[in-house]
Amino acid sequence: MATLPAWPPSSSQPGDGALCGAAADWIFADPRSRELLADIEQIAPSDASILIAGETGTGKALIARHIHSRSLRHEGPFVVVSCGAFSESLVDAELFGYENGAFAGAFGAQPGWFEEANGGTIFLDEINDLPLPVQNKLLRVLQEREVMRLGGRRPIPIDLRILAATTVDLEQLVAEKRFRKDLYYRLNVVSLHVLTLKERPGDIVPLARYFIDKYSRRLGYPRLELTPDAEQLLIQAPWHGNVRELENVIHRTLLRCERSQIDAASLRLPAPAPAQSEVPVAALDAASGSPMDSPSHDDMTVLRQAMRRLCESQTEHLHQTVEDSLLYEAFRFSNYSQSETSRLLGISRNVVRARLIRLGEIGAPRKTPGGADIGNDFRKTS
Ligand SMILES: Nc1ncnc2c1ncn2[C@@H]1O[C@H](COP(=O)(O)OP(=O)(O)OP(=O)(O)O)[C@@H](O)[C@H]1O
Ligand SMILES: [Mg+2]
């Protein structure tokens, strides 16, 4: 195992007093974020399993990667497993690997994710989405610290650290018997709670400046400044999508910005939450541009009128068209988070994923040698 990387890293300062990494790849400026960072620094070098809880877009994946990079395993692989993408029929082969001929189409042996993470860290993202039967198998691996490939004869010892993230209260899932209690305790040796962006307002402007830098560089723009009124607007916005939403707002703003500074008028913020009788026209207005530019109307009335017009126009495949438009908008509204889209629409993640693939919004799944589909965000990164 390697020695720890130097700390604190030398850094540029995109926000007033913001702490940022060596490659300036994260911001923890608010006092409550600094507390979290201090916790992270303390626990990162240990080998303890860590459960990272927080709303969507708060930075859980970023924190997991940071913990790995600050651990003694930082030279080993960092493998991300998106548990929400599991299909039960494939999980054995994917998690545990298989030997040649283990099942029809298993040509050649293939290591699973646990083996790939050997010597490093496995990050079980969206662990709350893991189906119960898979939880049983996972628990066995954690207890035994060894995996058996499908069709294999000998267990393979594994040496890795486990990080997991959840967007929902796992204790609640345990109480509802939807999550195994013993697995919960095994994962939750240490827990980190990542606050929503609204709960750490001191991060908002430094993060905005950081994203302005990031996207200005990417777009080849000169560095743009935020005016004080723009900063105020950012601080007051609701940020339901947390840091991811802020990042998208800044990106969107820069794409359309024609001024030398970013003022309140040029910020591309989402429309404020509508009152019951005053809802922005969003759903079926895809053709006319962004929902945030739309005037306020009674949403359902406008929606019905639009449907009526579609019926009158004898639009082909009307149901499909409407459904696709809704998914398209919801996916953007959810800042491109599949789990958030699924929650918003009240349909399963697998259905969301399949439809996004059909619409070309996300990449097609890769195939196992057996030819079965694997969810597209089944991702392994080292
Ligand atoms: N403190 C931070 N500094 C800089 N960028 C951040 C910070 N926190 C989050 N981000 C950025 O915000 C985006 C969302 O973060 P991330 O994917 O880690 O959130 P998450 O909590 O895992 O979301 P989800 O639950 O939806 O998967 C990413 O682009 C990430 O790089
Ligand atoms: Mg995540």
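The protein has 14 helices and 15 strands, as seen in a predicted model. Out of its 382 residues, 33% are buried. Contacts often bridge long stretches of chain: taking pairs at least 6 apart in sequence, 67% of the contacts join residues at least 24 apart.

Now for the inside of the protein. The largest nonpolar core has 37 residues, and the members that touch the most others are Ile 52, Phe 114, Ile 122 and Phe 123. Apart from that core there is another one, made of 24 residues and including Ala 29, Val 205, Ala 208 and Ala 230. Back in the largest core, Ile 52 shows how partners are gathered from along the chain. Setting aside neighbours within four places in sequence, its contacts are Lys 60, Ile 63, Ala 64, Leu 163, Ala 165, Leu 192 and Val 194.

Lys 60 also turns up around ligand 1. The shell of this ligand counts 18 residues, with Thr 56, Gly 59, Lys 60, Ala 61 and Val 243 the closest. Strand 2 (27-28), helix 2 (60-69), helix 8 (204-219) and helix 10 (242-256) are the elements that each supply two or more residues to the shell. In terms of chemistry, the shell is a mix of 8 nonpolar, 7 polar and 3 charged residues. Both domain 1 (20-195) and domain 2 (201-266) chip in, with at least three residues from each.

Helix 10 also holds Asn 242. This residue isn't a glycine, yet its phi is positive, at about 55°. Asn 242 counts as buried because it has 24 C-beta neighbours inside 10 Å, and 20 or more are needed for that label. Glu 126 tells a similar tale in another setting, the loop between strand 7 (121-125) and helix 5. Its phi is positive too, near 55°, and again the residue is something other than glycine. With 24 other C-beta atoms within 10 Å, Glu 126 is buried.

Helix 5 spans residues 132-144 and includes Leu 132. Is Leu 132 buried or exposed? It counts as exposed, because just 12 C-beta neighbours lie inside 10 Å and the cut-off for exposed is 12 or fewer. Even so, there is a link to a distant part of the sequence: Arg 180 is 48 residues away along the chain, but the two C-alpha atoms are 7.4 Å apart.

Arg 149, in the loop between strand 8 (146-147) and strand 9 (156-157), is a charged residue that ends up buried, with 22 C-beta neighbours inside 10 Å. Which residues does Arg 149 contact, leaving aside neighbours within four places in sequence? The list runs Phe 96, Gly 97, Tyr 98, Glu 99, Gly 112 and Ile 156. For Glu 99, the separation is 50 residues in sequence and 6.4 Å between C-alpha atoms.

Further along the chain comes helix 14 (residues 349-358), where Arg 349, Val 352, Arg 353 and Leu 356 are buried. These four sit on the same side of helix 14, because they cover an arc of only 95° around the axis. The spacing fits a general rule: an α-helix has 3.6 residues a turn, so residues three or four places apart point the same way. The buried residues of helix 14 pack against helix 12 (318-333) and helix 13 (338-345). Helix 12 is home to Phe 333, which counts as partly exposed with 19 C-beta neighbours inside 10 Å. Phe 333 and Leu 344 are 11 residues apart along the chain, and 9.3 Å separates their C-alpha atoms.

Technical notes
Residues numbered from 1 in each chain as written. Chains lettered and ligands numbered in written order. Predicted model: local features only at pLDDT ≥ 70, side-chain atom pairs only at ≥ 80, totals over all residues. Core = buried A, V, L, I, M, F, W, Y, C linked by C-beta atoms within 7 Å. Contact = placed C-beta atoms within 7 Å. Near = placed C-beta within 6 Å. Domains from an automatic or database assignment. Arc of directions from axis to C-beta.
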